[in-house]
Amino acid sequence: MTTPKITVIGSINMDLVTRSPRFPQVGETLLGSGFQRFMGGKGANQAVAAARLGAEVQMIGAIGEDDFGRELLANLQHEGVNTEAVKVLPALPSGIANITVAEGDNHIIVVSGANFGITPADIEAEEARIAAADIVLCQLEIPMDCVLAAARLAKKHARPFVLNPAPAQALPAELRSLVSVLTPNAYELALSLGLPTDTPVETLIRQSGCQVVMTLGSDGALYNDDTGILHRQSTFKVNPVDTTGAGDTFNAALAVFWQQGIAPAVKQACAAAALSVTKAGAQGGMPTAAELADFLKQQA
């Protein structure tokens with residue numbers, strides 16, 4: 001497999017993680033069991049995961065001129081991500097995510113900061129990085145007009161545009177028409193299409209109008225092929241420690257292995273996501289290419 005070139009356009013955050021035996025009820029105060037900081041943001045997470053899996057990765061995004069921003073930038077560079085297109089915005093703080101981890105799951109609140117200071121003009125200024133990519137990855141933690149700008153450029157240069165529609169929200173019709181692959185969970189896909197959240201997943205995928213790879217958590221993934229036939233990829237059994245970042249690992253792996261075909265790409269994405277939850281932190285458990293290969297051999 002040739003080294004894939006991936007351009008990631010998205011958020012860069014500092015994750016502030018509180019651990020608790022359970023989630024608090026409304027109005028309740030609990031004593032937590034721990035606190036840690038991790039590098040995060042859906043865009044940065046996907047960039048790091050793709051780089052660890054062997055891709056050549058360009059990151060387009062923004063940070064504040066603050067301590068968090070400097071740490072976040074240094075981390076991306078340490079992971080081998082090209083950060084020449086990461087803007088520093090002195091007037092805004094770096095983005096943060098408050099994450100509560102309990103009962104084997106997580107609740108997340110994001111404060112966007114510099115991530116929402118990026119403009120369509122900033123995206124258009126990096127057209128060459130999009131044109132040079134084998135695949136373009138984007139999420140919804142940056143302004144929608146920036147996502148649209150990226151999708152238009154990907155279409156202009158005939159580059160596959162993979163959109164992870166999270167946080168969940170309705171997608172403009174134009175954006176849906178520009179997406180090559182949509183990677184939601186069931187809730188995100190329903191909101192993306194403006195349909196009831198209890199709509200059967202098979203119906204959601206068939207009404208999406210594009211190729212969909214739907215993540216199903218512990219049930220793996222469901223996707224449609226070029227003929228519209230639905231296929232299910234089962235998950236890989238592990239002992240979860242922290243599910244934060246599993247979806248980002250899935251998206252990155254899907255992009256890295258996309259040139260192998262959708263079935264092997266989804267299988268490896270499920271395996272990479274499973275590995276990622278075995279360690280703490282959004283980026284902490286993201287596997288290397290060698291770790292993923294060893295894991296898949298053990299599963300054979």
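Let's start at Gln46, which sits in helix H1, residues 42-52. Keep in mind that what we have on screen is a predicted model. Gln46 has a relative accessibility of 0%, so it counts as buried. Leaving aside residues up to four places away in sequence, Gln46 touches Val8, Leu137, Gln139, Asn164, Asp248, Asn251 and Ala252.

One of those contacts deserves a stop: Asp248. UniProt, in an unreviewed entry, places the feature "active site" at Asp248. Asp248 belongs to helix H9, residues 246-256, and is buried, with a relative accessible area of 4%. With the same sequence neighbours set aside, the contacts of Asp248 are Lys42, Asn45, Gln46, Ala49, Asn164 and Met286.

How many of the eleven residues of H9 are buried? Ten of them are, so this helix is largely enclosed by the rest of the structure. Among the buried residues of H9 are Asp248, Asn251 and Ala252, and those three also appear among the contacts of Gln46.

Now to the sheets. One is an open sheet of nine strands, ordered E5-E4-E1-E8-E9-E10-E11-E12-E13, and its pairing is mixed. The edges are strand E5 (82-89) and strand E13 (230-233); each has a single partner strand, so one side of each is left without a neighbour in the sheet. Inside this sheet, strand E1 (residues 5-9) pairs with strand E8 (residues 135-138) in the parallel sense over four bridges. To pick out one position, Ile6 has Ile135 in E8 as its bridge partner. There is also a helix on this sheet: H10, residues 262-276, packs there and touches strand E11 (211-215), strand E12 (221-224) and E13. The direction of H10 makes about 165 degrees with that of E12.

While we're at that end, look at E12 and E13. They pair in the antiparallel sense over four bridges, and Tyr223 has His231 in E13 as its bridge partner. The two strands form a hairpin with five residues between them, and Gly228 in the turn has a positive phi of about 95 degrees.

The other sheet I want to show is open too, with four strands in the order E3-E2-E6-E7 and mixed pairing. Here the edges are strand E3 (34-40) and strand E7 (105-111), each with a single partner strand, so one side of each is left without a neighbour in the sheet. Ignoring direction, neighbouring strands of this sheet are turned by 20 degrees against each other on average. Strand E2, residues 13-19, pairs with E3 in the antiparallel sense over seven bridges, and the bridge partner of Thr18 in E3 is Phe35. Helix H2, residues 67-78, packs on this sheet, touching E2, E3 and strand E6 (95-102), and its direction makes about 60 degrees with that of E3.

On to charges. A search of the whole structure finds ten salt bridges, and I'll take three of them. Glu84 forms one with Arg129, where the closest N and O atoms are 3.1 Å apart. This pair links distant parts of the chain, with Glu84 in strand E5 and Arg129 in helix H4 (residues 127-131), 45 residues apart. Are the two partners buried or exposed? Glu84 is exposed, with a relative accessible area of 61%, whereas Arg129 counts as buried at 18% relative accessibility. Glu84 and Arg129 are also linked with Glu126 in a network of salt bridges.

Next, Lys156 and Glu127 meet through their side chains in a salt bridge of 2.8 Å, N to O. That one joins helix H5 (residues 144-156), which holds Lys156, to helix H4, which holds Glu127, across 29 residues. Lys156 is exposed at 58% relative accessible area, and Glu127 counts as partly exposed at 22%. Then there is Arg152 with Glu174, again a salt bridge, at 2.8 Å from N to O. It links H5 with helix H6 (residues 173-178), the residues being 22 apart.

Last, the cysteines: what does a search of the whole structure find in the way of disulfides? Zero. The sulfur of Cys138 is 8.6 Å from the closest cysteine sulfur, in Cys146, which is too far for a bond. Cys138 is buried, with a relative accessible area of 0%. For Cys210, the nearest cysteine sulfur is that of Cys138, 14 Å away, and Cys210 counts as buried too, at 13% relative accessibility.

Notes. Residues numbered from 1 in each chain as written. Predicted model: local features only at pLDDT ≥ 70, side-chain atom pairs only at ≥ 80, totals over all residues. Heavy atoms only, no water. Buried < 20%, exposed > 50% of the residue type's maximum accessible area, 1.4 Å probe, protein only. Contact = heavy atoms within 4.5 Å. Pairing = 2+ DSSP bridges. Axes fitted to C-alpha atoms, helices over the stretch in contact; angles between N-to-C directions. UniProt positions renumbered as here; feature names shortened; annotations may be inferred. Disulfide = S-S within 2.5 Å. Salt bridge = Lys/Arg side-chain N within 4 Å of Asp/Glu carboxyl O.
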